[in-house]
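Q: Hi, I've got a model open and would like to talk it through with you. Could we look at it together?

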Amino acid sequence: MIRLTDTHAHYDDAAFEEDRYQLLDHLFEYSVDKIVTVGCSYDRWRPTLQLAECYNDIYAALGIHPEDIYDLPPDYLQQLENLTKNSKVKAIGEMGLDYHYENYDRELQIKVFREQLQLADYLSMPAIIHSRDATADTLGILRELRPKKAVMHCFSGSAETAREVLDLGLYISFTGVLTFKNAVKAAEACREVPLDRLMLETDCPYMAPVPHRGERCDSSMLRFTAEKIAEIKGITVEEVAKACNENADRFFEI
């Protein structure tokens, strides 16, 4: 049986409130190797870390999503740094820019993104990058700050953008979006990503792949994304699994 590492999940989400621990127990028994669960708002840091502490093979990433940048305490960066002293915390993020919805505060998003990128580098920790409808600004900041280790998560951009991200030394991870019929750009981008820079994620409970699109996503669905990557690259699912798992272990040091 192929076991896969989910490098980006949100098991603190309310969608898992009723069956969180039963589901995780089942996943580790049957299909999952490791999970990085991401607490991306200030009020979710401690619940995310507490969940990671309940399982040997769950690790935490903590950061501020661009939609959760408001009303942060003045010392949020110091608090975040303090939490990274816990050995379960393996990355800063997700962080980044999101210009999808109206009335976003571009300048504040950029400020908080830059602060977190700099903290990740200061701590020699990986950064998890979120970018939605903000490619130019995201790439501009990455070119300027040149993070030591970072991944562009939930990638759905063009092959050209993928090449730029790879040139900056970043990893790229794909969700179930890659399985969607309209994900032509993402498939073209996937062809550009070498196996040693590729990771798998669900972003659950969101982004459920075909044939589960529209359902609550969980880490058991990683295999559909792995199968799609194998199809795109003309290799076996086993080769995809081995490469992505090894990349996750190396990137997150887990």
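Q: Let's start with a cysteine: is Cys-217 buried or exposed?
A: Happy to help! Cys-217 is buried, at 1% relative accessibility. Do keep in mind that this is a predicted model.

Q: And how many disulfides does the structure hold?
A: Zero disulfides. Cys-217 is in none, and the nearest cysteine sulfur, that of Cys-204, is 5.4 Å away.

Q: Why is Cys-54 without a bond to another cysteine?
A: Its closest cysteine sulfur is in Cys-204, and that is 16 Å away from the sulfur of Cys-54, so the two are too far apart for a bond.

Q: Cys-204 keeps turning up. What kind of peptide bond runs from Cys-204 to Pro-205?
A: A cis one, with omega near 15°. Pro-205 sits in the loop that connects strand E8 (198–200) with helix H8 (222–233).

Q: What about the bond between Val-210 and Pro-211, cis or trans?
A: That peptide bond is cis as well, and its omega is about 15°. Pro-211 is found in the loop between E8 and H8.

Q: Staying with the backbone, what is the sign of phi at Ser-124?
A: Positive, at about 55°, although Ser-124 is not a glycine. You'll find Ser-124 in the loop between helix H4 (106–122) and strand E5 (127–132). With a relative accessible area of 55%, Ser-124 is exposed.

Q: And where does Glu-253 sit?
A: In the segment after helix H9 (237–252). Glu-253 has a positive phi too, near 55°, and is a residue other than glycine. Its relative accessible area is 57%, so Glu-253 counts as exposed.

Q: Switching to helices. Which residues of H5 are buried?
A: Helix H5 spans 135–145, and its buried residues are Thr-138, Leu-139, Ile-141, Leu-142 and Leu-145. Around the axis they cover an arc of only 160°, which puts them on the same side of H5.

Q: What covers those buried residues of H5?
A: The cover includes E4, H4, E5, E6 and H6.

Q: And which exposed residues are on the face turned away from the buried side of H5?
A: Ala-136 and Glu-144 are the exposed residues carried by that face. Just past the end of H5, Arg-146 takes a positive phi of about 45°.

Q: Now H7, please. Which of its residues are buried?
A: In helix H7, residues 184–192, the buried ones are Ala-186, Ala-187, Ala-189 and Cys-190. Viewed down the helix axis they fall within an arc of 160°, so they line one face of H7.

Q: What do the buried residues of H7 pack against?
A: They pack against helix H6 (159–167), strand E7 (171–174) and H8.

Q: Let's go to a histidine. Where is His-153?
A: In the loop between strand E6 (150–152) and H6. His-153 is buried, with a relative accessible area of 4%.

Q: Which side chain makes a polar contact with the side chain of His-153?
A: The side chain of His-8 does, at 3.5 Å. Leaving out residues up to four places away in sequence, His-153 touches several others, including Glu-94, His-130, Glu-201 and Asp-203.

Q: Any pockets to talk about? What volume does the largest pocket have?
A: About 1000 Å³. The lining of the largest pocket is made up of 41 residues, and those nearest its centre are His-130, Arg-132, Cys-154, Asp-203 and Met-207.

Q: Which elements give two or more residues to the lining of the largest pocket?
A: Those are strand E2 (32–39), strand E4 (89–98), E5, H5, H6 and H7. His-130 and Asp-203, near its centre, are also touched by His-153.

Q: One last thing, on E2. Is Val-32 buried or exposed?
A: Val-32, found in strand E2, counts as buried at 2% relative accessibility.

Q: And what does Val-32 touch?
A: Not counting residues up to four places away in sequence, Val-32 touches Arg-3, Leu-4, Leu-27 and Ser-219. There is also a pairing with Asp-6 to look at: Val-32 and Asp-6 are 26 residues apart in sequence, and their C-alpha atoms are 7.5 Å apart in space.

Note on methods: Residues numbered from 1 in each chain as written. Predicted model: local features only at pLDDT ≥ 70, side-chain atom pairs only at ≥ 80, totals over all residues. Heavy atoms only, no water. Disulfide = S-S within 2.5 Å. Buried < 20%, exposed > 50% of the residue type's maximum accessible area, 1.4 Å probe, protein only. Helix = DSSP H or I, 4+ residues; strand = E, 2+ residues; numbered from the N terminus. Arc of directions from axis to C-beta. Contact = heavy atoms within 4.5 Å. Polar contact = N/O pair within 3.5 Å; in protein donor to acceptor, adjacent residues only side chain to side chain. 1 Å grid on protein atoms, 1.4 Å probe; cavity = no way out; pocket = protein on both sides within 12 Å on 5 of 7 lines; lining within 4 Å. Points joined across faces, edges and corners; volume = space filled by probe spheres on them.
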